[in-house]
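Hi,

Here is the structure I said I would pass on. Have a look at it first, and then read my notes below.

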Amino acid sequence: MATYTKIFLQFPPDQVFWNTSYQFFLYADPHERGYYPVWQSLDAEGFLPGSGIIFVTVVQSQSYMVEAQDDETTKEEVLEVLRQMFGAENVPEPIAFMYPRWSLEPWAYGSYSNWPVGTTLEMHQNLRANVGRLYFAGEATSSQYFGFLHGAWFEGQTVGNTIAGLIEGANHTEEAHYETLHGSTTEEEYNITNGWLASTFLTYGFV
């Protein structure tokens with residue numbers, strides 16, 4: 001599992017200090033890589049105009065750091081960054097502050113799945129294969145789009161259709177499961193049996 005943390009701050013709408021015509025702001029800390037680097041305004045057309053909400057995203061080691069510390073410590077750190085970016089005299093105290101702690105959630109222990117180097121389609125298919133009447137669906141079971149919302153959507157749709165078919169009397173077929181694993185994925189294995197849909201824009205050159 002990988003960790004990706006969004007930290008939200010809400011300021012009084014009449015004290016918004018950033019240019020709301022811009023969606024993103026970047027911060028480069030002079031001493032520490034990845035220290036509260038990517039900011040996104042939600043106080044913009046198409047999002048939540050007039051909300052006074054801005055958030056910053058951190059990942060991996062920085063995520064684990066902020067998720068392990070208390071809200072007050074994190075709030076002071078992000079406010080210090082904002083005050084360096086926009087001037088201390090321009091940044092008031094937020095009226096609301098929150099962020100999730102995905103790495104500490106017992107049902108998740110992270111934000112999204114991330115295959116380690118060397119994972120093959122055979123290994124992944126063994127993760128997603130049904131066990132009798134028990135089926136699995138989520139972004140982690142998506143061969144093409146693991147880690148993304150649409151991966152969960154496609155997998156849920158596939159499994160839902162399979163189960164609906166079984167209820168309506170379709171023949172039960174076991175999904176592929178590999179007893180013997182090979183050390184690499186061949187071109188021929190990029191197929192629907194291994195969860196690799198035919199209509200994908202992600203082909204790794206196999207077209």
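Which residue follows α4, and what is the sign of its phi? The residue after α4 is Gly169, and its phi is positive, near 105°. Before you read on, please keep in mind that this is a predicted model.

**The helix α4**

Let's stay with α4 for a moment. The helix is made of 19 residues, and from its first C-alpha to its last it reaches 27 Å, close to the 27 Å expected at 1.5 Å a residue. Its buried residues are Gly151, Glu155, Val159 and Gly165. If you look down the axis of α4, these buried residues fall within an arc of 120°, so they line one face of the helix. Turn to the other side of α4 and you'll find Leu149, Trp153, Asn161 and Ile167, which are exposed.

**Its partner, α3**

What do the buried residues of α4 pack against? They pack against α3, which runs over 121–128. In α3, 6 of the 8 residues are buried, so this helix is largely enclosed by the rest of the structure. The buried ones are Leu121, Glu122, His124, Gln125, Asn126 and Arg128. The cover over them includes α4, which fits with the packing seen from the α4 side.

Two of those α3 residues come up again with Glu189. You'll find Glu189 in the segment after α4. It is buried, with a relative accessible area of 11%. Glu189 touches Leu121 and Glu122, and also Tyr178, Ser184 and Asn194, leaving aside residues up to four places away in sequence. Glu189 and Leu121 are 68 residues apart in sequence, yet their C-alpha atoms are 7.2 Å apart in space.

**The largest pocket**

Now for the open spaces. The largest pocket holds about 430 Å³ of space. It is lined by 17 residues, and Trp102, Gly110, Ser111, Tyr112 and Gly147 are the closest to its centre. Two elements give two or more residues to this lining: β1 (4–10) and α4 (149–167). Of these, β1 gives the most, with 4 residues. By class, the lining of the largest pocket has 11 nonpolar, 4 polar and 2 charged residues.

Trp102 deserves a look of its own. It sits in the loop between β5 (96–98) and α3. Is Trp102 buried, partly exposed or exposed? With a relative accessible area of 31%, Trp102 is partly exposed, because buried means under 20% and exposed means over 50%. Not counting residues up to four places away in sequence, Trp102 touches Tyr4, Glu67, Trp107, Ala108, Tyr109, Gly110 and Ser111. Gly110 and Ser111 are also among the residues closest to the centre of the largest pocket. Gln144, on the other hand, is 42 residues from Trp102 in sequence and 23 Å from it in space, C-alpha to C-alpha.

**The second largest pocket**

About 270 Å³ of space lies in the second largest pocket. Its lining counts 18 residues, with Arg128, Thr158, Glu175, Ile192 and Gly195 nearest its centre. Which element gives the largest share of this lining? That is α4, with 5 residues. The classes here come to 8 nonpolar, 7 polar and 3 charged residues. You've already met Arg128 as one of the buried residues of α3.

So if you open the model with one element in mind, try α4: it packs against α3 and contributes to the lining of the largest pocket and of the second largest pocket.

Cheers

Definitions and conventions: Residues numbered from 1 in each chain as written. Predicted model: local features only at pLDDT ≥ 70, side-chain atom pairs only at ≥ 80, totals over all residues. Heavy atoms only, no water. 1 Å grid on protein atoms, 1.4 Å probe; cavity = no way out; pocket = protein on both sides within 12 Å on 5 of 7 lines; lining within 4 Å. Points joined across faces, edges and corners; volume = space filled by probe spheres on them. Nonpolar A, V, L, I, M, F, W, Y, C, P; charged D, E, K, R; others polar. Expected span 1.5 Å × (residues − 1). Buried < 20%, exposed > 50% of the residue type's maximum accessible area, 1.4 Å probe, protein only. Arc of directions from axis to C-beta. Contact = heavy atoms within 4.5 Å.
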